[in-house]
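Colleague: Before I accept the labels attached to this model, I should like to hear the reasoning behind them. Could we go through them one at a time?

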Amino acid sequence: MIISGGLQALRWHVAVRLYTSRPLSVSDVADQVGVSRGACIEWFHQHGVAPFSPPEEAPSVERHLNAWLDRELH
Amino acid sequence: MNTRAYSVIDTSFWSLCCIVGLEPYLWSTWDALLVPALVQQELFHQIRPVSQQQLFTEALHAGRLHIQDPHTLITTLSKGERAVVSLAQEQHIAALLDDYRPHQHAAGLGITVIGVTQFLIRLLYQGTLSVSETEHHFEQLRQTGATSPLFLQWAAQHIQQKGRRGTWP
């Protein structure tokens, strides 16, 4: 039981390290540590791991996508 | 519309297009799409829905999809995304991928990156989809929970704007 809990904690530790240090999607991180994508999202949410699309990036994302759309349509 | 003959497609984009019913529109937008072997492997992983695999096989046999790998792989992404971004960089073509972080990373490299919400909004503005059809696909996309809220927010603004004004910008 203790060993199992320790392995699970290590798994989440690795997941957080991967997610925060490399531009990986949640799916990739989940695959690499052997958990489901849903479980990974839920755990990240519960433990305050930064969301995969931080709200503060909204203005730059909007600018970028609008610039792309402008190029496509004109 | 600035249609490209070829782009390179990632697992996330293919999968979502199949789920929300946008896959047929790929072929009115692109002559053909390149697919790295790593992406093909991901799509044929046992947890993927068989319907997505069948559509992939049909498109492959119809000559709409071509398996092609990059000469070199960039190292900062994983699996299929790494091959997609590398191939887009080598061939100077757009990368079709939907996961937020790889999308932003590839855009930072100067690559034209198109997510499913962008594809949807382009279909709307070019007149392929009506506002109500776009809303239908958008809702399906939202329900998957797989697309970034920031992309959805951007798309929702354009659907509303198109509904009100009918033009861009």
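**Reasons behind the labels**

Modeller: Let us begin with G63(B), which adopts a positive phi of about 80 degrees just after helix 4 of chain B. Please bear in mind that this is a predicted model.

Colleague: How do you know that the length of helix 4 (residues 50-61) of chain B agrees with its number of residues?

Modeller: The expected span is 1.5 Å times one less than the number of residues. For the twelve residues of this helix that gives 16 Å, and the end C-alpha atoms are 16 Å apart, so the two agree.

Colleague: Why is D31(B) called exposed?

Modeller: A residue counts as exposed if 12 or fewer other C-beta atoms lie within 10 Å of its own. D31(B) has 12 such neighbours, and therefore counts as exposed. D31(B) sits in the loop between helix 2 (23-29) and strand 2 (32-35) of chain B. Apart from neighbours within four places in sequence, D31(B) is in contact with A5(B) and Y6(B). Its C-alpha atom is 9.2 Å from that of L65(B), 34 residues apart along the chain.

Colleague: What makes strand 3 (65-67) and strand 5 (113-114) of chain B edge strands?

Modeller: In chain B, five strands form an open sheet with parallel pairing, in the order 3-2-1-4-5. Strands 3 and 5 each have a single partner strand, so one side of each is left without a neighbour in the sheet.

Colleague: How do you know that strand 4 (residues 94-96) and strand 5 of chain B pair?

Modeller: Pairing requires at least two bridges. These strands have two bridges, in the parallel sense, and therefore pair. L96(B) stands opposite I114(B) in strand 5 of chain B.

Colleague: Why is the largest nonpolar core said to lie between two domains of chain B?

Modeller: The core has 48 residues, of which V8(B), C17(B), V84(B) and A95(B) touch the most other members. Helix 1 (residues 11-20) of chain B gives the largest share, six residues. Domain 1 (6-117) and domain 2 (118-165) of chain B both contribute residues, so the core lies between them.

Colleague: Which residues is V8(B) in contact with, leaving aside its neighbours within four places in sequence?

Modeller: They are L33(B), L34(B), V84(B), L87(B), A88(B), I93(B), A95(B) and L96(B). A second, separate core has nine residues, including A15(A), A30(A), V33(A) and C40(A).

Colleague: What is the make-up of chain A in helices and strands?

Modeller: Chain A has four helices and zero strands. Of its 74 residues, 22% are buried.

How values were computed:
Residues are numbered from 1 along each chain as its sequence is written. Chains are lettered from A and ligands numbered from 1 in the order in which they are written. This is a predicted model: local features need pLDDT of at least 70, side-chain atom pairs count only at pLDDT 80 or more; totals for chains, interfaces and linings use all residues. A nonpolar core is a set of buried Ala, Val, Leu, Ile, Met, Phe, Trp, Tyr and Cys residues joined through C-beta atoms within 7 Å. A residue is buried if 20 or more other C-beta atoms lie within 10 Å of its own, exposed if 12 or fewer, and partly exposed in between; C-beta atoms are placed from the backbone. Domain bounds come from an automatic or database domain assignment. Two residues are in contact if their C-beta atoms, placed from the backbone, lie within 7 Å.
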